[in-house]
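Visitor: I would like a close look at a single part of this structure, with its surroundings explained step by step. Could you pick one strand and walk me around it?

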Amino acid sequence: MTFSSYAERRGRKLDEVHVLSVPLSRPRRTRVIVSARVVSAVTILVVLAVWALSARLQLVSPVFLPSPVAVWSKFIAVASDGFVDATLLQHIAASLWRVFAALVAAVLVGVPVGLAIGISTVGRGIFDPLLEFLRPIPPLAYLPLIIIWFGIGEPSKILVITIAMLAPVALSTASGVRGVSQERINAALSLGATGGQVVWHVILPSALPSILTGLRIALGAGWSTLVAAELVAATRGLGFMIQSAAQFLVTDVVVMGILVIAAIAFALEFTIRRIERALVPWAGRE
Amino acid sequence: MPRLVLDQVSVRYDGQTRPAVERASIEVASGDFVVLVGRSGCGKSSLLNVAAGLVTPTGGSVTVDGTPIIAPGADRAVVFQNDALFPWLTARENVAFALRLRGVRPSERERRADALLALVKLEGSGDRRIWELSGGMRQRVGLARALAAEPQFLLLDEPLGALDALTRERMQTTLLDIWKESGVGVLMVTHGIEEALVLGTRIVVLAPGPGRVVRAFETGFSRRYLAGEPLRDIKADSVFAAARGELTDAIFEGEAA
């Protein structure tokens with residue numbers, strides 16, 4: 001397109017000097033940018049509104065869907081008076097303890113296993129098939145076996161969650177180890193590092209960002225397994241609370257329990273991201 | 001006086017029919033500055049890795065004062081093109097890495113690391129994080145880290161390759177100052193012809209296919225710099241221009257134009 005045709009199309013004469021100052025591609029009007037956060041907040045508000053409205057209009061029986069207000073007042077009530085012999089805080093504490101004990105166990109086992117897979121072919125030969133075998137099995141499937149072996153006590157519950165966390169921790173560690181730059185290892189060796197020193201001073205810190213990602217995935221897997229682990233012979237815990245409330249059709253406690261689990265999972269995710277930023281500030285900046 | 005000797009060294013990597021290096025002999029004594037130059041594929045980095053103990057030669061021998069080299073060691077510290085610094089450590093902690101491996105006390109480590117940072121003209125930057133440093137500063141940290149190991153030989157694998165021209169020129173003088181100060185023997189790989197002339201006391205020219213030594217020059221430009229003559233004057237000298245021509249010819253000798 002020539003200047004003249006552009007000018008003529010606009011219905012102006014070419015000898016008007018200012019025509020030439022019109023840029024051929026004009027800047028577009030800036031679009032109103034809505035942040036994802038705002039959209040998310042609106043979405044949540046809409047869901048809440050639909051929920052409240054359907055409860056208010058009695059579209060669904062409260063046995064199936066209690067109103068938000070009922071759930072909130074139940075939250076207050078359970079927080080102060082408790083539900084099935086334990087306050088909400090005690091239920092939360094019991095669940096958190098199980099998840100964190102399992103996390104510690106999964107790290108103590110999973111990180112060395114991941115190192116072995118990433119560093120040595122023998123290690124990979126031993127652990128890779130075991131992990132690939134364990135990974136796709138749903139926790140509910142091996143729960144009965146673990147109860148047969150270890151009884152219905154606390155260790156069984158923690159073990160089930162640990163097994164669910166093991167694969168993500170080990171596999172993330174292994175992939176972090178495999179990603180360590182050879183030059184960095186060579187530099188350490190040429191500065192006099194022994195094999196063990198290379199693992200401790202170079203490979204482990206290099207793999208740390210990947211390990212932390214593994215922990216985040218593992219926590220998610222752990223929470224999903226929690227309810228299953230608390231199905232059997234628990235007297236406390238969020239999963240147990242939801243389970244026993246469901247048996248008596250106390251739906252508002254069920255909904256409240258679900259929301260509490262979601263809130264805690266969200267808080268944990270947020271915390272780990274903060275820890276990541278504090279512990280591995282170099283990630284993505286090399 | 002320690003001597004690093006590569007005698008008739010051949011390197012053939014797994015799965016490759018042609019050797020990367022064939023019967024190359026190189027000698028570095030303390031106080032030497034030996035530069036390996038050549039077109040790409042001539043095996044100069046392979047030879048440096050052999051000297052470092054990171055690559056085991058398939059033929060010939062590598063010795064330091066008659067003792068065979070079978071593994072990497074702090075007596076032959078390497079500086080790589082991509083600095084290979086540890087981003088989880090500060091600049092000072094990077095420099096002190098070799099000392100930490102040996103169990104040197106923290107206060108002593110810090111003192112010596114700071115002295116080395118001053119030597120590479122980075123005083124006051126010890127607390128900075130690696131990702132905050134420019135490419136040139138990172139290479140200075142890399143040099144100081146290698147020197148902290150108190151090596152007899154410094155092996156430099158295109159350490160200035162990734163730097164811009166101005167930074168590179170300043171780093172060349174730093175390298176010469178360090179070399180003079182420490183008295184180590186240096187073996188350096190570069191593809192900069194001028195750089196080889198400015199820095200080296202001996203320049204070894206390699207040719208590819210398979211990598212082999214084709215020429216060796218003794219040069220005196222770096223000694224002239226150490227005697228106090230500015231680098232710029234040396235580079236402007238007609239003798240320097242002649243040497244550059246001769247070296248360029250040697251590198252491209254036998255190449256189909």
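Guide: Happily; here is a tour of one strand of chain B, followed outwards to its neighbours.

Please keep in mind that this is a predicted model. Our strand is S7, residues 153–157 of chain B. The UniProt record, in an unreviewed entry, lists residues 4–233 of chain B as "domain: ABC transporter". Over that span the chain is 35% helix and 25% strand, and the C-alpha atoms at its two ends are 33 Å apart.

Let us begin with burial. Five of the five residues of S7(B) are buried, so the strand is largely enclosed by the rest of the structure. In a regular strand, side chains alternate between the two faces of the sheet. Here, Phe153(B), Leu155(B) and Asp157(B) point one way, while Leu154(B) and Leu156(B) point the other way. Notice that Asp157(B) is buried along with the others.

Now look to the two strands that pair with S7(B). With S6(B), the pairing is parallel and runs over four bridges; in this pairing Arg76(B) stands opposite Phe153(B). With strand S8, residues 185–189 of chain B, the pairing is also parallel, and five bridges join the two strands. Leu155(B) has Leu187(B) as its bridge partner in S8(B). To get from S7(B) to S8(B), the chain passes through helix H6, residues 165–182 of chain B, in a right-handed β-α-β crossover.

Leu155(B) deserves a pause. Setting aside neighbours within four places in sequence, Leu155(B) is in contact with Leu48(B), Ala51(B), Ala52(B), Arg76(B), Ala77(B), Val78(B) and Leu187(B). Leu155(B) is also among the residues with the most contacts inside the largest nonpolar core, together with Met165(A), Leu47(B), Ala51(B) and Ala148(B). That core has 145 residues, and its largest share, 14 residues, comes from helix H7 (residues 154–178) of chain A.

Several of those names lead to helix H1, residues 44–52 of chain B, where eight of the nine residues are buried. Among the buried ones are Leu47(B), Leu48(B), Ala51(B) and Ala52(B), but also Lys44(B), Ser46(B) and Asn49(B). Just after the helix, Gly53(B) takes a positive phi of about 90 degrees.

From S6(B) we can step across to the other chain. Chain B brings 19 residues to the contact and chain A brings 16. On the side of chain B that touches chain A, strand S6 (76–79) and helix H3 (97–101) each supply at least two residues. That side of chain B has 16 nonpolar, two polar and one charged residues. Over in chain A, the UniProt record, again from an unreviewed entry, lists residues 92–272 as "domain: ABC transmembrane type-1". This span is 86% helix and 0% strand, and its end C-alpha atoms lie 19 Å apart.

One last stop offers a contrast in pairing. While S7(B) pairs with S6(B) in the parallel sense, an open sheet of four strands in chain B, ordered S2-S1-S4-S5, is antiparallel. Its edge strands are S2 (21–29) and S5 (67–68), each pairing on one side only. Strand S4, residues 59–64 of chain B, is joined to S5(B) by two bridges, with Val64(B) standing opposite Thr67(B).

Technical notes. Residues are numbered from 1 along each chain as its sequence is written. Chains are lettered from A and ligands numbered from 1 in the order in which they are written. This is a predicted model: local features need pLDDT of at least 70, side-chain atom pairs count only at pLDDT 80 or more; totals for chains, interfaces and linings use all residues. Two residues are in contact if their C-beta atoms, placed from the backbone, lie within 7 Å. Ala, Val, Leu, Ile, Met, Phe, Trp, Tyr, Cys and Pro count as nonpolar, Asp, Glu, Lys and Arg as charged, and the others, Gly among them, as polar. UniProt positions are given in the numbering used here, feature names are shortened, and annotations may be inferred rather than shown by experiment. A residue is buried if 20 or more other C-beta atoms lie within 10 Å of its own, exposed if 12 or fewer, and partly exposed in between; C-beta atoms are placed from the backbone. Two strands pair if DSSP finds at least two bridges between them. A crossover is right-handed if, with the strands pointing away from the viewer, the path from the first strand over the helix to the second runs clockwise. A nonpolar core is a set of buried Ala, Val, Leu, Ile, Met, Phe, Trp, Tyr and Cys residues joined through C-beta atoms within 7 Å.
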